2 protein chains.
Amino acid sequence: MTNKDEKIKSSIIKAAENLFQKYGINKTTMEDIAKESRKAKSTLYYYFKNKEEIFDAVLIKEMNEIFQIVKDAVSVEKDFEGKMRAYVITDLREIKKRVNLYSIVKSEIVYDEHFIKKFRESFDTRDVNFITEIIEYGVKNQELRPLTDDEIKTLSHIILIAFRSIELDLFIEHKFLNDDEKIDSLLNILYYGIKK
Amino acid sequence: MTNKDEKIKSSIIKAAENLFQKYGINKTTMEDIAKESRKAKSTLYYYFKNKEEIFDAVLIKEMNEIFQIVKDAVSVEKDFEGKMRAYVITDLREIKKRVNLYSIVKSEIVYDEHFIKKFRESFDTRDVNFITEIIEYGVKNQELRPLTDDEIKTLSHIILIAFRSIELDLFIEHKFLNDDEKIDSLLNILYYGIKK
DNA sequence: TATCGACTAAAATACGTATTTAGTCTATTT
DNA sequence: AAATAGACTAAATACGTATTTTAGTCGATA
């Protein structure tokens, strides 16, 4: 039964989540995950191809949770400015939370080429599309001056890049742009730049 | 004589520069640098504290050269828009050149925490200040709407972050925003956002 | 089909040794 | 004294091998 399958899968993910938060990826063995989820180690391979796939599942789960929370916060707002502010503030807040929860994992992956590339590839497209939607909403709503599809595409990329790098700063060290005042300033510049 | 000192120092730097470009940091030994600059290995330590200081000197030299070229290109332009465009395009072009020259060094350091941190710290302040100058010029010149010191500071940070991340994309893989059209688009958004 | 225990192969770790290389110290030259 | 070099030391790297750990497989079984 696929439903039961999914339940066990997510119980394994939950177990791994706990262990990764406590001990990081490297010090968490498949044996550990097996014990925590009360299965034999070999059983884990019935549900997941390998350890990396389990980690990916944990990461995807967290990212999906963030995305859902951000989406909800954005949908509540009724204008472009509100939506954009909700997007940025909610996303940063949720990322911050996870960075604290996964501090060991963070130190294992921030400077790991493989993970960084995978991380970027998996989520960039989805996030760019989401930002595109917000901008298109603003244009349709006559809040923003008319923009060509190409302009919107470029703009979405730029906004994503800008926020990704703010997140990176947040990852590497708590440098600047972590307070709401500065986010407001950033949004202000953006808004009056593309306003009708 | 300090003048002669500087000459020998820069001849050592020049030698190291060549070797780093050919073989990278790790495969270039102090012995190699000594031979190339026709000194005994121990003599190098009369001029530099250690190998890292030699590498730093090479990096600083390259960065200063870029900064000078960018500064010159910017000073030629007579308005904010031109200065800003000159800044971005020249900086990216010069960085690209160096990335090709130092491709081995690049692969040794892109994912090295220590170097990345040092790199950021050394040059961020200077570059932020330079961007600040350009913005202040635009305000004084009545091209930009009046901005508070705090707004200018934040704005400079944001612009630097945005361009640093574009450079990073350029480092990691040639993704997007490497053609002039997109840079124009970015500058356009920025400009009409802070225009008077 | 879902689970497990036993198994294997591969990877990580440990360790002793040899070699290379960074960095120091002292003597000597200019 | 300022600058250089050669001899020296200590630290890092490389290497071979033995040992252990851990990821991942397989066949049995309920």
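For these legends, Ala, Val, Leu, Ile, Met, Phe, Trp, Tyr, Cys and Pro count as nonpolar, Asp, Glu, Lys and Arg as charged, and the others, Gly among them, as polar. Keep in mind that what you're looking at is a predicted model.

**View 1. Here's the protein surface near DNA strand D.** Count the residues around strand D and you get 17. The closest are Met30(A), Ser42(A) and Asn50(A) from chain A, plus Ala40(B) and Ser42(B) from chain B. Which helices chip in at least two residues each? They are α2 (30–36) and α3 (41–47) of chain A, along with α1 (2–23) and α3 (41–47) of chain B. Sorted by class, this surface has six nonpolar, five polar and six charged residues.

**View 2. Now hop over to DNA strand C.** This strand is surrounded by 16 residues, and the closest are Ser42(A), Thr29(B), Met30(B), Ser42(B) and Asn50(B). On chain A, α1 (2–23) and α3 each give two or more residues to the surface, and on chain B it's α2 (30–36) and α3 that do so. The class tally near strand C reads six nonpolar, five polar and five charged.

**View 3. Two helices of chain A, α5 (residues 80–101) and α7 (residues 113–140), pack together.** Their axes sit 9 Å apart, at an angle of about 165°. Angles over 145 degrees count as roughly antiparallel, so that's what we call α5(A) and α7(A). The crossing is left-handed. From α5(A), the contact uses Phe80(A), Lys83(A), Met84(A) and Tyr87(A), while α7(A) brings Ile134(A), Tyr137(A) and Gly138(A). That works out as five nonpolar, one polar and one charged residues.

**View 4. Over in chain B, look for helices α5 (residues 80–101) and α7 (residues 113–140).** Here the packing angle is about 165° and the axes are 9 Å apart. That angle makes α5(B) roughly antiparallel to α7(B), and the two cross in a left-handed way. Where do they meet? Phe80(B), Lys83(B), Met84(B) and Tyr87(B) in α5(B) face Ile134(B), Tyr137(B) and Gly138(B) in α7(B). The class count for this contact is five nonpolar, one polar and one charged.

**View 5. Last up: where the two assigned domains of chain A touch.** Domain 1 covers 1–48 and domain 2 covers 58–194. Their centres, taken over C-alpha atoms, are 30 Å apart. How many residues are in contact? Nine from domain 1 of chain A and seven from domain 2 of chain A. On the domain 1 side, the touching residues split into five nonpolar, three polar and one charged.

Key
Residues are numbered from 1 along each chain as its sequence is written. Chains are lettered from A and ligands numbered from 1 in the order in which they are written. This is a predicted model: local features need pLDDT of at least 70, side-chain atom pairs count only at pLDDT 80 or more; totals for chains, interfaces and linings use all residues. Axes are lines fitted to C-alpha atoms, for helices over the stretch in contact, and angles run from 0 to 180 degrees between N-to-C directions. Helices (H or I, at least four residues) and strands (E, at least two) are DSSP runs, numbered from the N terminus. Angles under 35 degrees count as roughly parallel, over 145 as roughly antiparallel, 65 to 115 as roughly perpendicular and the rest as oblique. A crossing is left-handed if the near helix is turned anticlockwise from the far one by less than a right angle, and right-handed if clockwise. A residue is near a molecule or strand if its C-beta atom, placed from the backbone, lies within 6 Å of it. Domain bounds come from an automatic or database domain assignment.
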